[in-house]
Amino acid sequence: MNLLRKLVDVRPNEVRALLLACAFNFVILGSYYVIRPIRDDIAATSGAENLSWMFTGTMVVTLLANAAFAAIVARMPRRKFLPIAYRFFIVNLIVFYFLMRHAPPAQQNVWIGRAFFVWLSVFNLFVVTMFWAFMTDLFNSEQAKRLFAFIAVGGQLGAIAGPLVTVALVERLGAANLLLVAAAGLELAPWCVKFFPAIRPAEPAPPHPALAPAPHPIPDDDEPEKGAEQPIGGGILASVSHVVRSPYLLGICGFMVLYAITSTFVYFQQADLTREHFHDRAARTAFFAQLDLAVNTLTIFGQLLITGRLLKWFGVGLTLAFLPVLSMLGFIGIGFVPVLALLAVLQVMRRAGNFAITRPAREVLFTVLSREDKYKAKSFIDTFVYRTGDQVGAWSYTLLTWLGLGLTGISFVAAPLAALWCGLSIWLGKRQAALAKTAPSG
């Protein structure tokens, strides 16, 4: 306990929830990172000209998945619909395993590979979004600033373990068998939901979705909640209507779109350069796994030593601005020195900065929302809006390439977008602080 208190400002009645949240995050990200390099290899093999269509397919599937998820959320309490959702993805992994093992090689390289790319892109967003929606429902704004960075550490430990498993096993077992490894790890997620400590019901939400109160702190006992474990209710399209009516939620949408566009630019540049640099698929997969390992090792140090202090000293807005500033400087650097080594450094720094600093800070933005918006609007923003940003980035990259811009030109186009992203981050931080003051502390 004393060691834990040195690492994070945790109260005695929060310890069990904190540690279980870390374990929960570990299993979902660990499972994802075991198979992420397979998706990156498919992207590099397909080429940038096909990636745009694959991103389009991802957006369509994400929209359909959001409608299905909203329908389930409206009718079931969270401790029922979360396990159902996670086990649905486990079944999908098993189906892809059989397809990759028994389908003809030509289909594996084209249709099954591209279908897996789309599926994993949706899987990644949903499993992580469901986890953080659960966290923002359990912890209020004050707790989130203290605890979310440490909870993210659990995920990064899983994200480090995943690539290590891939590097060690991919050449001996093959990619298909890694899907079963991921499925086995993901099965632990529903059990984390089942054993998570209960919380007391939150105060009734006010009419405006962006002015809802934060939930009460986790109590010392496990007294069942009377309101929190009831179906959330609402309509399937509530996520869209609430977002449209709320400038705050629209601001978060803008943040996600700008992040997605700049991320897609870097991802496409990575796909082009690695396809030229590596001609062996196993070597390319191992390279992607090594990038993942570097990202997640750097991330864990940031989460332990930097993020909590940034949120405490500078608040949410300036903490959110870290990644846009880093991206702007990185794009300018790539514009002058367009080589794989520097792009790899930018990719590692961006992803580590996102996981270590931006992700915990961004999740704090959702703690001031109503429970319905924490699941529905958050899911809509984190999945469909994010994938819409992917689409804008993917087709913009294709257009810029068609116009004759190379790595240098596209990097200089991305730099002003990062500056706009920075300004929006500051505004969101100010709005979150204002909304947190109007929410009861419990």
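**Exercise 1. Decide whether Phe96 and Trp119 are buried or exposed, and describe the ring pair that they form.**

Solution. At a relative accessibility of 10%, Phe96 counts as buried, a statement that, like every other one here, refers to a predicted model. The cut-off that this step needs is a relative accessible area under 20%. Trp119, with 11% relative accessibility, also counts as buried.

The next step turns to the geometry of the rings. A pair of aromatic rings is described by the distance of the centres and the angle of the planes. For Phe96 and Trp119 the centres are 5.5 Å apart and the planes stand at 50°, and the pair is classed as tilted. The class follows from the limits, because planes under 30 degrees apart count as stacked, those over 60 as edge-to-face, and the rest as tilted.

The last step places the two residues along the chain: Phe96 belongs to helix α4 (residues 78-102) and Trp119 to helix α5, so the pair ties together parts that are 23 residues apart in sequence. In the whole model there are 25 aromatic pairs, and ring pairs also link a cluster made of Phe24, Tyr86, Phe131, Trp132, Phe134, Phe139, Phe148 and Phe196.

**Exercise 2. Characterise the nonpolar cores, and find what Phe116 is in contact with beyond its neighbours in sequence.**

Solution. Begin with the overall setting: the secondary structure comes to 15 helices and zero strands, and buried residues make up 59% of the 442 residues in the protein.

The largest nonpolar core has 121 residues, of which Phe24, Ile35, Phe116, Met135, Ile151 and Ile381 touch the most other members. Helix α5 contributes the largest share of this core, with 18 residues.

For Phe116, once neighbours within four places in sequence are set aside, the contacts are Ile35, Ile38, Arg39, Ile42, Phe96, Met100 and Leu179. Phe96 in this list is the residue that forms the tilted pair with Trp119.

There is also a second, separate core of eight residues, including Phe287, Val295, Val348 and Ala352.

**Exercise 3. Work out how many cavities of 30 Å³ or more the structure holds, and which elements and residue classes make up their linings.**

Solution. The structure holds two such cavities. The largest has a volume of about 650 Å³, and among the 36 residues that line this cavity, Asn124, Tyr259, Asn354, Phe355 and Tyr386 are the closest to its centre.

To trace the lining to secondary structure, note that at least two residues each come from α2 (15-46), α5 (105-138), α6 (141-173), α10 (247-277), α13 (340-365) and α14 (371-402). Helix α13 gives the most, with eight residues. By class, the lining divides into 16 nonpolar, 11 polar and nine charged residues.

The second largest cavity has a volume of about 40 Å³, and its lining consists of Gln270, Thr274, Phe287, Leu291, Leu340, Leu343, Ala344 and Gln347. Here α10, α11 (281-320) and α13 each supply at least two residues, with α13 again giving the most, namely four. This lining has five nonpolar, three polar and no charged residues. Phe287, listed in this lining, is also a member of the second, separate core.

**Exercise 4. For Val385, Val240 and Leu435, give the helix, the burial class and a residue far away in sequence with its C-alpha distance.**

Solution. Val385 is found in helix α14 and is buried, with a relative accessible area of 8%. Not counting residues up to four places away in sequence, Val385 touches Cys253, Met256, Val257 and Phe380. Val257 is 128 residues from Val385 in sequence, yet their C-alpha atoms are 6.7 Å apart.

Val240 lies in helix α9 (residues 238-245) and, at 33% relative accessibility, counts as partly exposed. Its C-alpha atom is separated by 10.0 Å from that of Asp373, which is 133 residues apart along the chain.

Leu435, in helix α15 (residues 407-438), is buried at 3% relative accessibility. Leu435 and Ser141 are 294 residues apart in sequence and 9.9 Å apart in space, C-alpha to C-alpha.

As a final step, consider the contacts of the protein as a whole: among those between residues at least 6 apart in sequence, 86% join residues at least 24 apart.

Conventions
Residues numbered from 1 in each chain as written. Predicted model: local features only at pLDDT ≥ 70, side-chain atom pairs only at ≥ 80, totals over all residues. Heavy atoms only, no water. 1 Å grid on protein atoms, 1.4 Å probe; cavity = no way out; pocket = protein on both sides within 12 Å on 5 of 7 lines; lining within 4 Å. Points joined across faces, edges and corners; volume = space filled by probe spheres on them. Nonpolar A, V, L, I, M, F, W, Y, C, P; charged D, E, K, R; others polar. Core = buried A, V, L, I, M, F, W, Y, C linked by side-chain atoms within 4.5 Å. Buried < 20%, exposed > 50% of the residue type's maximum accessible area, 1.4 Å probe, protein only. Contact = heavy atoms within 4.5 Å. Phe/Tyr/Trp six-rings, centres within 6.5 Å; stacked < 30°, edge-to-face > 60°.
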